[in-house]
Amino acid sequence: LFDYRLGGEDGISLIRQVKARDIDTPVILLTGQGGEEVAVEAMKAGAIEYLVKSKLTEMALKRAIRYAINLHKKEQLIRQARAEVRAKEERYRVLFERNLAGVVRGSPEGRILECNEALARMYGYACCRDFLEQQQTVQQRLGRRWTARDVDVHRNHAVHALHHVIAVAKGTARVGARAHRHRPLGIRHLI
């Protein structure tokens, strides 16, 4: 609870100092000098509530404190939820980018939106950008999008490639004349 008049400074400049230091405490400004311009300035500075001393009652003060506490709790929950979403997005991004299997993200219409480097390398491209540019060129030339069958074919090849990677890692992959060499389908095989 800050008073508008605090000796050499005013309550609004104090609110700005508190907010500049990332102090997360809700602030209510109390003033004897009512006026909409002071109220607007206080709210812009970060005050939760604004009370005029001449209209101050016990009930109004209780209501303002309850409101400030409830609003503060809601803001904390929102900040916590946003932090959790950012953490989940970061975990997804790391999983997507560092995955050894080829991963592609597409739109419901079948347009390829992004892929990871492993998928680009599976198809012989130096980077994702080259792969995506080529896919867009082919789709524009053909005037079509990937179908559910195309997605199933690629899913089957991705699963096969993943099993092969696991077998190589375990040392159980067959070598020599009986070796099976995985070669994923290129876009030309889908036409």
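**Salt bridges, strand packing and aromatic contacts in a predicted model**

At 55% relative accessibility, Arg129 counts as exposed. In this structure, which is a predicted model, the side chain of Arg129 meets that of Glu133 in a salt bridge, with 3.9 Å from N to O. Both residues belong to helix α5, which spans residues 128-142, and they are four residues apart, about one turn of the helix. Glu133, the acidic partner, has a relative accessibility of 42% and therefore counts as partly exposed.

A search of the whole structure finds nine salt bridges, of which the Arg129 pair is one. Another is formed by the side chains of Arg79 and Asp24, at 2.7 Å from N to O. This pair links distant parts of the chain, since Arg79 lies in helix α3 (residues 58-98) and Asp24 in the loop between α1 and β4, 55 residues apart. Both partners count as partly exposed, Arg79 at 36% relative accessibility and Asp24 at 34%. The side chains of Arg105 and Glu114 likewise meet in a salt bridge, with an N to O distance of 2.7 Å; here Arg105 is partly exposed, at 37% relative accessibility, whereas Glu114 is buried, with a relative accessible area of 15%. Arg105 and Glu114 are also members of a network of salt bridges in which Arg93 and Glu97 are linked with them.

As regards the overall architecture, the chain contains six helices and seven strands, which follow one another along the sequence in the pattern β-β-β-α-β-α-β-α-β-β-α-α-α. Of its 191 residues, 29% count as buried, and the chain exposes about 13,500 Å², of which carbon and sulfur atoms supply 54%. Among contacts between residues at least 6 apart in sequence, 37% join residues at least 24 apart.

Strand β4, residues 28-31, pairs with two other strands. With strand β1 (residues 2-3), β4 pairs in the parallel sense over two bridges, and Leu29 in β4 is the bridge partner of Phe2. With strand β5 (residues 49-52), β4 also pairs in the parallel sense, over four bridges, and Leu30 has Leu51 as its bridge partner in β5. Both faces of β4 are covered, with Ile28 and Leu30 buried on one side and Leu29 and Thr31 buried on the other. Thr31 counts as buried because its relative accessibility is 1%. Leaving aside neighbours within four places in sequence, Thr31 is in contact with Asp3, Tyr4, Tyr50, Leu51, Val52 and Lys53. The C-alpha atoms of Thr31 and Ser54 are 8.6 Å apart in space, although the two residues are separated by 23 residues in sequence.

The loop between α1 (11-20) and β4 also contains Asp22. Most residues other than glycine have a negative phi. The phi of Asp22, in contrast, is positive, near 60°. At 69% relative accessibility, Asp22 counts as exposed.

Three aromatic pairs are found in the structure. In one of them, Tyr123 and Phe131 adopt a tilted arrangement, with 5.6 Å from centre to centre and 35° between the planes. In another, Tyr125 and Phe131 form an edge-to-face pair, with 5.5 Å from centre to centre and 75° between the planes. Tyr123, Tyr125 and Phe131 thus belong to one aromatic cluster. Within this cluster, Phe131 is buried, with a relative accessible area of 2%, and Tyr123 also counts as buried, at 16% relative accessibility, whereas Tyr125, at 21%, counts as partly exposed.

The structure holds zero disulfides. The sulfur of Cys115 has its closest cysteine sulfur in Cys128, at 3.6 Å, which is too far for a bond, given that a disulfide requires the two sulfur atoms to lie within 2.5 Å. Both cysteines are nevertheless buried, Cys115 with a relative accessible area of 6% and Cys128 at 11% relative accessibility.

Key. Residues are numbered from 1 along each chain as its sequence is written. This is a predicted model: local features need pLDDT of at least 70, side-chain atom pairs count only at pLDDT 80 or more; totals for chains, interfaces and linings use all residues. Side-chain values use heavy atoms; hydrogens and water are left out. Buried means under 20% relative accessible area, exposed over 50%, partly exposed in between (1.4 Å probe, protein chains only). Contact means heavy atoms within 4.5 Å. Rings of Phe, Tyr and Trp (its six-membered ring) pair if their centres lie within 6.5 Å; planes under 30 degrees apart count as stacked, over 60 as edge-to-face and the rest as tilted. Two strands pair if DSSP finds at least two bridges between them. Accessible areas come from the Shrake-Rupley method with a 1.4 Å probe; for residues, only the protein chains shown count as cover. A salt bridge is a side-chain nitrogen of Lys or Arg within 4 Å of a carboxyl oxygen of Asp or Glu.
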